Amino acid sequence: FLLAGMGLPSGRRMPQPVENVDLFPTLLHLADLPSAEALHGRDLVPLIAGERAEWRGETFSFVIHAASVTDEERSLKLVAPNIPVGAGMANGTKQAIGGQAELYDLARDPFERVDLASSRSEEVERLTEKLRAWVARYPTSRSAREETDAELDRQMREHGYAGSWLGEEEQGAPGSGAGEPKAPDGGG
C-alpha cells in the first residue's frame, strides 16, 4: 500500500511484504500516540527508516471465501477455501480452513495460473498448518463463526460488500435469476 505524509521519505519503495493490519500501529507511531501491547500488525516506521533487515517470513489473508498464506522466502502461496464448520476457533472447535487447497509458485507463476497442490503435498500440508495456526491466533467473526446481525448482513450483501460461503447458493447472486432486473411488461 501507499503511505505518504510528514516524517516519511518521498518516493521510497520497499520490497518487504506488508499487510493491511500494519497500518494501525504505523499510524499510531506517526501520530506519536501510544501503541497497544497486543496489536496484530507491525509498525512499519522502523522498516521505512531502514532499521530492520529481517521482516516477516509469511504474509496472510482472510477474506469471505478463502484464506491464504504466502511463504515469502520460497515464493509459495497457498489458497484454501473457508468452510463454515464448527462454532469457533477461539474455543478449540473445528477449523474454518479446509477443502481443496491450491498452491502457486509466485516466482514462476505470478498470475497464479498453475496449481501445484497435487505435486507438492508436503508444502500444502506445511502451509495449511501455518494458515490454521494464524486463523486460530487471530480469529475474525467469519473465521470464528460468530453470530452476525441479520439486517447488517442483508445490507452488506445488498451493497456488494459481502458474499456467500463457497458452495452456498446466494439468493440474488448474479446469474441466478433472483434479484435481477426484469424486462418491463411487453418488453422481452
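**View 1. Strand 3 pairs with strand 4 in the antiparallel sense.** Four bridges join strand 3 (residues 76-81) to strand 4. V79 stands opposite E102 in strand 4. Strands here are DSSP runs of E with at least two residues, and helices are runs of H or I with at least four residues, numbered from the N terminus. Two strands pair if DSSP finds at least two bridges between them. This is a predicted model: local features need pLDDT of at least 70, side-chain atom pairs count only at pLDDT 80 or more, and totals for chains, interfaces and linings use all residues. Residues are numbered from 1 along each chain as its sequence is written, and side-chain values use heavy atoms, with hydrogens and water left out.

**View 2. Four strands form an open sheet.** The strand order is 1-2-3-4, with antiparallel pairing. Strand 1 (58-62) and strand 4 (102-105) are the edges, as each pairs on one side only. Neighbouring strands of this sheet are turned by 15° against each other on average, direction ignored. Helix 3 (residues 121-137) packs on the sheet. The helix touches strand 1, strand 2, strand 3 and strand 4. Its direction makes about 65° with that of strand 3. Axes are lines fitted to C-alpha atoms, for helices over the stretch in contact, and angles run from 0 to 180 degrees between N-to-C directions.

**View 3. A hairpin joins strand 1 to strand 2.** The connection runs through three residues. Five bridges pair the two strands in the antiparallel sense. T59 has T70 in strand 2 as its bridge partner.

**View 4. S68 sits in strand 2 (residues 66-71).** Is S68 buried or exposed? S68 counts as buried, because its relative accessibility is 10%. The cut-offs are under 20% relative accessible area for buried, over 50% for exposed, and partly exposed in between (1.4 Å probe, protein chains only). Which residues does S68 touch, not counting those up to four places away in sequence? They are T59, F60, S61, K77, L78, V79 and L131. A contact means heavy atoms within 4.5 Å. T59 and V79 are among these neighbours. T59 is the residue bridged to T70, and V79 is the one opposite E102. L131 is also on the list.

**View 5. E112 forms a salt bridge with K77.** The closest N and O atoms are 3.0 Å apart. A salt bridge is a side-chain nitrogen of Lys or Arg within 4 Å of a carboxyl oxygen of Asp or Glu. E112 lies in the loop between strand 4 and helix 3, and K77 lies in strand 3, so the pair ties together parts that are 35 residues apart in sequence. E112 counts as partly exposed, at 27% relative accessibility. K77 counts as buried, at 18%. K77 is also one of the residues that S68 touches. The structure holds seven salt bridges.

**View 6. Helix 3 carries two salt bridges between residues three apart.** R126 pairs with E123, the closest N and O atoms being 2.7 Å apart. Both residues lie in helix 3, about one turn of the helix apart. R126 is partly exposed at 25% relative accessibility. E123 is buried, with a relative accessible area of 14%. D71, R74, E123 and R126 are linked in a network of salt bridges. R132 pairs with E129, the closest N and O atoms being 3.6 Å apart. These two also lie in helix 3, about one turn apart. R132 is partly exposed, with a relative accessible area of 25%. E129 is partly exposed too, at 45%.

**View 7. F1, L23, L27 and L30 form a nonpolar patch on the surface.** Together they have about 320 Å² of accessible area. Patches are made of residues with over 30% relative accessible area and no salt bridge; like charges are joined within 9 Å, and nonpolar side chains (Val, Leu, Ile, Met, Phe, Trp, Tyr) within 5 Å. Accessible areas come from the Shrake-Rupley method with a 1.4 Å probe; for residues, only the protein chains shown count as cover. L30 is found in helix 1 (residues 23-30). Its relative accessible area is 32%, so L30 counts as partly exposed.
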